[in-house]
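Reader: I would like to go through a structure with you, step by step. Could you begin with the terms I shall need?

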Amino acid sequence: MERKLNPETDKKKIEDVLRLLKLNDVDLSKLSEQQRKEMKDHKFWKTQPVPSFDEKIEEEGPIHSDKTPDDIPNEPLPMLPDFEWCTVDIEDEGQLENVFVLLNENYVEDRDAEFRFNYTKDFFKWALKCPGWKPEWNVGVRVKSTGKLVSFISAIPVDLRVRSKFLKSVEINFLCIHKQLRSKRLAPVLIKEITRRVNKENIWHALYTAGTVLPSPISTCRYTHRPLNWSKLCEVGFTALPEGKTNPQMVAQYTLPKGPLMKGFRPLELKDIDETLSLFNRYQERFDLVQLFSKEEFKHWFLGSTDSKVSTESEVIYSYVVENENGKIVDFVSFYSLPFTILNNAVYKNLGIGYLFYYASDADFTYTDRLNPEASEKLKKRLNSLVKDVLIIAKSNKMDVFNALTSQDNSLFLDDLKFGPGDGFLNFYLFNYRAFPVHGGITETKKYDVEKRSDVGIVML
Ligand SMILES: CC(C)(COP(=O)(O)OP(=O)(O)OC[C@H]1O[C@@H](n2cnc3c(N)ncnc32)[C@H](O)[C@@H]1OP(=O)(O)O)[C@@H](O)C(=O)NCCC(=O)NCCS
């Protein structure tokens, strides 16, 4: 049942799908200085506590630190006529459904409307109901007359470390405005409202990511993707056969063993939490931008909230450890699932997508310098085995493609494990905090930086 591919429409389709996958949100290398908006043209962002593009950072630290919650207004800014603010009660199944319908239909979509993100309730329960979550940090805008949810923005609490400084912060995510309400300057109003609600809790910093270039990224990573089920990707028009290659050659290129190969590789269990968290914490020390996890948070993010484990099919987070012959946990790895729905395809309804999340390994712990060639060689070998096993698991869980960024120590395995560079880049931003740049794992020519790797140790959904 092979589909004939037309090179022109396929090219467009592939571009669309890559955009959907956030693989080519913004290609910095293609943006000339003129195309990139200047600071003065960022009518909203130039009023916010963020560093400007040309700012020379002398010292890291908060941009303002003189406010208290009492200085913050008790009421939101006025909303557009006919619309009203709301707090989305994500514990109410109906309201949660409003959020995923809004996002599924408006978050990102290819022009031919053939693929769509398939956010599920389970995904949102995991992503939004982490320890310390606040109901009022799920902000929505509804049509007054019908109650239809037309915009959303969320925050979750996180403790960050930026180099040696600790920041009580939030992560902002899932900003979405209905397609019919775009370009009406609603995004700044939503951002101000979430800022107000967060400030009221005496939190003054935020971490957020975007494909778009805003003032001013602290880091930029590149998206990479690894086909797992090449024939299906090709059949649904997700990828095309490269010139000079045959189908069997492509299938062979991406073939993986049937089951995990590492001795002692097994799912993370509740009893492993203390040991795995301490391995993880030690591993994370190498990075300059990290999220700190309490035991409770670690449990949530890597074992999932108990109420999100409805069935294996709706499994969102997958976490594994490697236990050595002495019963010691020496490696940890995790990934999450966020599939696409395929519209209008008689055979396939879903496209499974896995995203590499956090990992840790003790492979180079005996070295003080992580970039020492021997240390790098040891870690490279271990990470190659670890992530290969994860690819195998992802494939056996019906995932068709696996994505990763150039963050963490990923450049040690991306090439070897056949992750291809995407066209997309993800920018990391800090609100109300000046920081020197953090290396995102790409060279000046946007290749994987195998030598320096990345100093970004945080993964955002
Ligand atoms: C992103 C989105 C909310 C922007 O809405 P919009 O209607 O295009 O933008 P508005 O007219 O309301 O506001 C424009 C302002 O918001 C800023 N903005 C746009 N996208 C932004 C983002 N992702 N993060 C922060 N600010 C953003 C713009 O830079 C501009 O401010 P500026 O003049 O200072 O540069 C909307 O396009 C959307 O819902 N897209 C699909 C989901 C998505 O991509 N979400 C973002 C994921 S990072």
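Author: Certainly. Two strands pair if DSSP finds at least two bridges between them. Helices (H or I, at least four residues) and strands (E, at least two) are DSSP runs, numbered from the N terminus.

Reader: What sort of model is this?

Author: This is a predicted model, in which local features need pLDDT of at least 70, side-chain atom pairs count only at pLDDT 80 or more, and totals for chains, interfaces and linings use all residues. Residues are numbered from 1 along each chain as its sequence is written, and side-chain values use heavy atoms, with hydrogens and water left out.

Reader: Which strands does β8 pair with, then?

Author: β8 runs antiparallel to strand β16 (residues 401-405), and five bridges join them. β8 also pairs with strand β17 (residues 420-431), again in the antiparallel sense, over six bridges.

Reader: Which residue stands opposite Pro227, and which opposite Ser219?

Author: Pro227 faces Val401 in β16, while Ser219 faces Phe428 in β17.

Reader: Is strand β8 mostly covered or mostly open?

Author: Strand β8, residues 219-227, is mostly covered, as eight of its nine residues are buried. Buried means under 20% relative accessible area, exposed means over 50%, and partly exposed lies in between (1.4 Å probe, protein chains only).

Reader: Let us turn to the ligand. Which residues come nearest?

Author: The ligand has 22 residues around it, and the nearest are His42, Tyr107, Ile177, Ser183 and Ala187. A residue is near a molecule or strand if one of its heavy atoms lies within 4 Å of it.

Reader: Which elements supply that shell?

Author: β6 (165-177), α4 (186-199) and β7 (206-210) each give at least two residues to the shell. The largest share, four residues, comes from α4.

Reader: How many of the shell residues are nonpolar, polar or charged?

Author: Twelve are nonpolar, four polar and six charged. In this scheme Ala, Val, Leu, Ile, Met, Phe, Trp, Tyr, Cys and Pro count as nonpolar, Asp, Glu, Lys and Arg as charged, and the others, Gly among them, as polar.

Reader: Where do oxygen atoms of the ligand lie relative to polar atoms of Lys37, Phe44 and Leu186?

Author: An N or O atom in the side chain of Lys37 is 2.8 Å from a ligand oxygen. For Phe44, a backbone N or O atom lies 2.9 Å from an oxygen atom of the ligand, and for Leu186 a polar backbone atom is 2.8 Å from one. The protein covers 82% of the 860 Å² of accessible area that the ligand has on its own. Accessible areas come from the Shrake-Rupley method with a 1.4 Å probe; for residues, only the protein chains shown count as cover.

Reader: A change of topic: where is Thr47, and why does it count as exposed?

Author: Thr47 sits in the loop between α1 (7-20) and β1 (61-62). Thr47 counts as exposed because its relative accessibility is 52%. The side chain of Thr47 also makes a polar contact of 3.0 Å with the side chain of Gln48. A polar contact is a pair of N or O atoms within 3.5 Å; within protein, one must be able to donate a hydrogen and the other to accept it, and residues adjacent in sequence count only if both atoms are side-chain atoms.

Reader: What about the backbone: which residues does a cis peptide bond join?

Author: The cis bond joins Pro215 and Ser216, with omega about -25°. Ser216 belongs to the loop between β7 and β8.

Reader: And what is phi for Asp82?

Author: Asp82 is not a glycine, yet its phi is positive, about 75°. Asp82 is in the loop between β1 and β2 (83-87).
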